[in-house]
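Visitor: Could you walk me through this one? I'd like to take it slowly.

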Amino acid sequence: MSERLRSWPPQRWTVAEGWQPVLDAFFATAQGHALSHFLRERLAQGAVVYPPQPLRALELTPLPQVRAVVLGQDPYHGPGQAEGLAFSVAAGVRLPPSLRNIYAELYGDRSAWPGHGSLADWARRGVLLLNTSLTVEDGQPGSHAKKGWEQLTDALLERVAATASPCVYLLWGAHAQAKAPLIARVAAAHGRDTLILQANHPSPLSARRPPVPFLGSGHFRQAGQWLAERGVPSVFG
């Protein structure tokens with residue numbers, strides 16, 4: 001797989017069951033047209049854009065199978081890092097600091113950690129690993145924010161909240177937590193069984209800070225127990 005985005009043909013990309021109507025509706029809007037125009041222009045101008053498969057989270061996790069959502073912000077902006085799944089890096093890539101803290105919270109002792117940073121297995125088990133912006137330029141965090149991606153990812157979150165039940169949402173950091181009211185409102189309107197867990201971002205800058213430190217939050221334990229009570233097997237590693 002290429003480590004960067006080479007072209008922009010979203011209509012040719014295959015996604016799993018349940019997502020295509022949301023994509024079709026978005027790319028028919030003015031925001032969808034503007035986002036496509038922006039990306040084609042940046043690629044034509046030689047911009048290095050990551051990840052190579054921006055919709056990979058939607059390829060690996062069918063909507064009917066979603067039982068957990070982990071919401072990130074930007075894809076990683078270094079060469080070979082981003083693989084289209086929030087917080088995940090391709091096998092063989094050094095673990096970024098936030099992912100190291102995720103592993104520390106989930107597994108505890110370092111000897112129990114996986115030998116790689118890919119969370120693709122989580123995605124295949126029903127964890128939607130969604131960033132709110134699905135592309136970024138090399139070395140420029142936030143470079144594709146407010147270009148239209150947020151409208152699409154909000155629509156995807158709405159569809160999950162209206163459909164997935166039971167489903168646990170792990171919202172780490174202020175950016176992800178800003179989506180909590182949307183998720184709660186839509187889930188309640190559709191009578192969905194939902195658990196929303198919020199803590200600081202797993203970045204070393206905030207993972208141990210109040211008001212709710214990520215490290216020691218017990219989110220993975222709480223999520224696993226809540227899902228198990230509803231007959232859902234473990235979706236995390």
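Guide: Here we can talk about the aromatic rings and then about the sheet, keeping in mind that this is a predicted model.

Visitor: Okay, how many aromatic pairs are there?

Guide: The count comes to 12 aromatic pairs. One of them is formed by tyrosine 103 and tryptophan 113, whose ring centres are 5.8 Å apart with 70° between the planes, and this pair is edge-to-face.

Visitor: Where do tyrosine 103 and tryptophan 113 lie?

Guide: Tyrosine 103 is in helix H4, which covers residues 97-107, while tryptophan 113 is in the loop between H4 and helix H5 (120-124), so the pair ties together parts that are 10 residues apart in sequence.

Visitor: And is tyrosine 103 buried or exposed? What about tryptophan 113, buried or exposed?

Guide: Tyrosine 103 counts as buried, because its relative accessibility is 1% and the cut-off for buried is under 20%. Tryptophan 113 is also buried, with a relative accessible area of 12%.

Visitor: What can you say about tryptophan 172 and phenylalanine 214?

Guide: Tryptophan 172 and phenylalanine 214 form an edge-to-face aromatic pair, with 4.9 Å from centre to centre and 75° between the planes. Tryptophan 172 belongs to strand E5 (residues 167-172) and phenylalanine 214 to the loop between strand E6 (194-199) and helix H9 (219-228), so this pair ties together parts that are 42 residues apart in sequence. Tryptophan 172 is buried at a relative accessible area of 2%, and phenylalanine 214 is buried at 0% relative accessibility.

Visitor: Which residues form one aromatic cluster?

Guide: The cluster is formed by Phe87, Trp122, Trp172, Phe214, Phe220 and Phe236, and so it includes both rings of the pair we have just discussed.

Visitor: Switching topic, what order do the strands of the open sheet have?

Guide: The open sheet has four strands in the order E3-E2-E5-E6, and their pairing is parallel. The edge strands are E3 (127-131) and E6, each of which pairs on one side only, and the twist averages 15° from one strand to the next.

Visitor: Over how many bridges do E5 and E6 pair?

Guide: E5 and E6 pair in the parallel sense over six bridges, and valine 168 stands opposite leucine 195 in E6.

Visitor: Last thing, which helices lie across these strands?

Guide: Helix H6 (residues 149-163) lies across strand E2 (68-72), E3 and E5, and it runs at about 160° to E3. Helix H8 (residues 180-189) lies across E5 and E6, running at about 170° to E6.

How values were computed:
Residues numbered from 1 in each chain as written. Predicted model: local features only at pLDDT ≥ 70, side-chain atom pairs only at ≥ 80, totals over all residues. Heavy atoms only, no water. Phe/Tyr/Trp six-rings, centres within 6.5 Å; stacked < 30°, edge-to-face > 60°. Helix = DSSP H or I, 4+ residues; strand = E, 2+ residues; numbered from the N terminus. Buried < 20%, exposed > 50% of the residue type's maximum accessible area, 1.4 Å probe, protein only. Pairing = 2+ DSSP bridges. Axes fitted to C-alpha atoms, helices over the stretch in contact; angles between N-to-C directions. Contact = heavy atoms within 4.5 Å.
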